[in-house]
Every structure is written in C-alpha cells, then in structure tokens.
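Thanks for making the time this morning; I would like to walk you through one chain, starting with a charged residue and working outward from there. Please have the sequence and the structure open as I talk.

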Amino acid sequence: MSRETRKKRILKLSVCAMLIGISVVVGALCRTYLTFSVFVRITFENLPIILSGILFGPVYGLVVGASTDLISSVISSQDINPIITVGALSVGLVSGLVSEMGNMLRANKTLKKIIAVVSAHFVGCLIIKTFGLQVYYFPTTSFWYLFAIRAGVYAFICVAETFIILRLLKNKFIKGFSNYEL
C-alpha cells in the first residue's frame with residue numbers, strides 16, 4: 001500500500017470519526033430540546049450519516065450509521081434496539097448506494113444528492129426505524145399510525161437536511177474529502 005493511499009484512508013477514517021461524534025452530539029441535543037411528544041422528535045442526527053454515505057460510499061455510511069446508533073444508545077443508557085440500529089446503518093448504506101448509482105449513471109449532481117437524502121430517510125427512518133419503534137416501544141399502536149406521524153415530521157427534516165447537505169457539498173474543503181465527483 002502506497003503512502004498516499006494510507007494517508008487517504010487515515011483521512012477518511014478521521015472524518016468519519018468526526019461525523020460520528022457530530023451525529024451523537026446533535027442527536028443528544030435534539031433529544032433534549034426538540035422532543036415534543038413520545039411520537040414527535042425533530043432530529044438532525046442523520047445528516048452526518050447521510051453525508052458520510054455521499055462522500056465516502058455505502059460501506060463508510062453503513063459503519064458511521066451503526067456506530068452512531070450504538071454509541072448514542074450506550075451514552076443515553078438505553079437498551080440497544082437492533083431494528084433501530086439496522087435503520088441507522090441503512091440510512092448511511094442507502095445514501096451511499098444511491099450516490100454511487102448516480103455517479104455510475106452520470107446523473108444530475110443536485111438531483112442525485114436529493115434522491116440520496118430522500119431515499120435514505122424513507123428506507124431507514126420511515127420504514128425500518130418506525131417498525132423498530134412499533135415492535136419495541138409501542139406494540140399496541142398501529143404501524144401505519146406511527147408511520148403517518150413520522151412521515152409529517154420527516155418531510156420537514158428531509159427538506160432541511162437536503163438543503164444543508166447541498167450547501168455543505170458546494171464547499172471546496174468538504175468536496176476535497178470525497179473520492180467521487182460531487
């Protein structure tokens with residue numbers, strides 16, 4: 001392995017570690033200040049996970065998502081919900097896969113990023129995490145009731161995170177981390 005390859009790998013791992021830390025802190029702040037009921041919490045903890053998937057690909061996105069959820073659960077003294085963890089890792093995985101497919105198909109750069117964010121939220125947050133919440137915490141509540149409530153909240157979150165990610169990815173410094181054409 002060349003010296004340049006090792007440097008890039010260390011840089012990727014360092015940036016991913018920072019994104020995990022940012023996601024854990026943002027998640028804790030949102031849990032504290034933006035929780036309005038047991039069903040409604042506005043959170044931007046998925047933004048760094050999605051960003052890692054877009055910047056570095058699906059494997060790094062998956063690892064950042066899983067690590068974020070596991071560390072957040074341990075820090076907040078909650079039991080680890082494996083379905084929620086799968087939802088978190090799928091957010092990074094899906095954003096990375098969609099971004100890579102967009103690169104292979106030479107799709108419009110902005111459209112590719114928008115689709116990556118929306119699909120990651122839909123699969124990871126709306127389907128998998130809602131199922132995990134219903135199974136572990138709200139077994140008497142209908143999945144579709146939870147889905148409808150969370151869909152409204154995540155419509156707002158998705159628009160906000162898409163705007164933030166599009167702005168971040170225009171920054172030359174952040175573009176420099178990626179292997180892909182952003």
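Arginine 150 is buried and yet has no salt bridge in this predicted model, and the nearest side chain of opposite charge, that of glutamate 45, lies 8.1 Å away. A salt bridge needs a side-chain nitrogen within 4 Å of a carboxyl oxygen, so you can see why this pair does not count. The residue sits in helix H6, and, if we set aside neighbours within four places in sequence, arginine 150 is in contact with Phe39, Cys125, Leu126, Lys129, Thr130 and Leu133.

Staying with H6's surroundings, let me turn to helix H2, which spans residues 46-56. How many of the residues of H2 are buried? The count is 11 of 11, running from Asn46 and Leu47 through Pro48 and Ile49 and on to Leu55 and Phe56. Those buried residues pack against helices H1, H3, H4, H5, H6 and H7. Just after H2 comes glycine 57, whose phi is positive, at about 105°.

Two residues of H2, Ile50 and Ile54, come up again when we look at the largest nonpolar core, which has 32 residues. Together with Ile165 and Leu169, Ile50 and Ile54 touch the most other members of that core, and the elements giving two or more residues to the core are H1, H2, H4, H5 and H6. Isoleucine 165, for its part, touches Leu47, Ile50, Leu51, Ile54 and Val117, again not counting residues up to four places away in sequence.

Now the cysteines, since somebody usually asks about them. The structure holds 0 disulfides. For cysteine 16 the reason is distance, because its sulfur is 18 Å from the closest cysteine sulfur, which belongs to cysteine 125, and that is too far for a bond. Cysteine 30 is likewise in no disulfide, with the nearest cysteine sulfur, again that of cysteine 125, 12 Å away. As for accessibility, cysteine 16 counts as buried at 6%, and cysteine 30 is also buried, with a relative accessible area of 6%.

Cysteine 30 leads me into the loop between H1 and H2, where we find threonine 35. With neighbours within four places left aside, threonine 35 is in contact with Cys30, Val40 and Arg41, and its side chain reaches the backbone oxygen of arginine 31 at 2.8 Å. Is threonine 35 buried, exposed or partly exposed? At 38% relative accessibility, threonine 35 counts as partly exposed. For a sense of scale, the C-alpha atoms of threonine 35 and isoleucine 128 are separated by 20 Å, although the two residues are 93 apart along the chain.

I will finish with the loop between H3 and H4, which holds both serine 77 and asparagine 81. Serine 77 is exposed, with a relative accessible area of 68%, whereas asparagine 81 is buried, at 3%. The phi of serine 77 is near 60°, a positive value in a residue other than glycine. Which residues does asparagine 81 contact, leaving aside its neighbours within four places in sequence? They are Asp69, Gly132, Tyr136 and Tyr137.

Notes: Residues are numbered from 1 along each chain as its sequence is written. This is a predicted model: local features need pLDDT of at least 70, side-chain atom pairs count only at pLDDT 80 or more; totals for chains, interfaces and linings use all residues. Side-chain values use heavy atoms; hydrogens and water are left out. Buried means under 20% relative accessible area, exposed over 50%, partly exposed in between (1.4 Å probe, protein chains only). Helices (H or I, at least four residues) and strands (E, at least two) are DSSP runs, numbered from the N terminus. Contact means heavy atoms within 4.5 Å. A nonpolar core is a set of buried Ala, Val, Leu, Ile, Met, Phe, Trp, Tyr and Cys residues joined through side-chain atoms within 4.5 Å. Lys and Arg count as positive and Asp and Glu as negative; His and the chain ends are not counted. A disulfide is a pair of cysteine sulfur atoms within 2.5 Å. A polar contact is a pair of N or O atoms within 3.5 Å; within protein, one must be able to donate a hydrogen and the other to accept it, and residues adjacent in sequence count only if both atoms are side-chain atoms.
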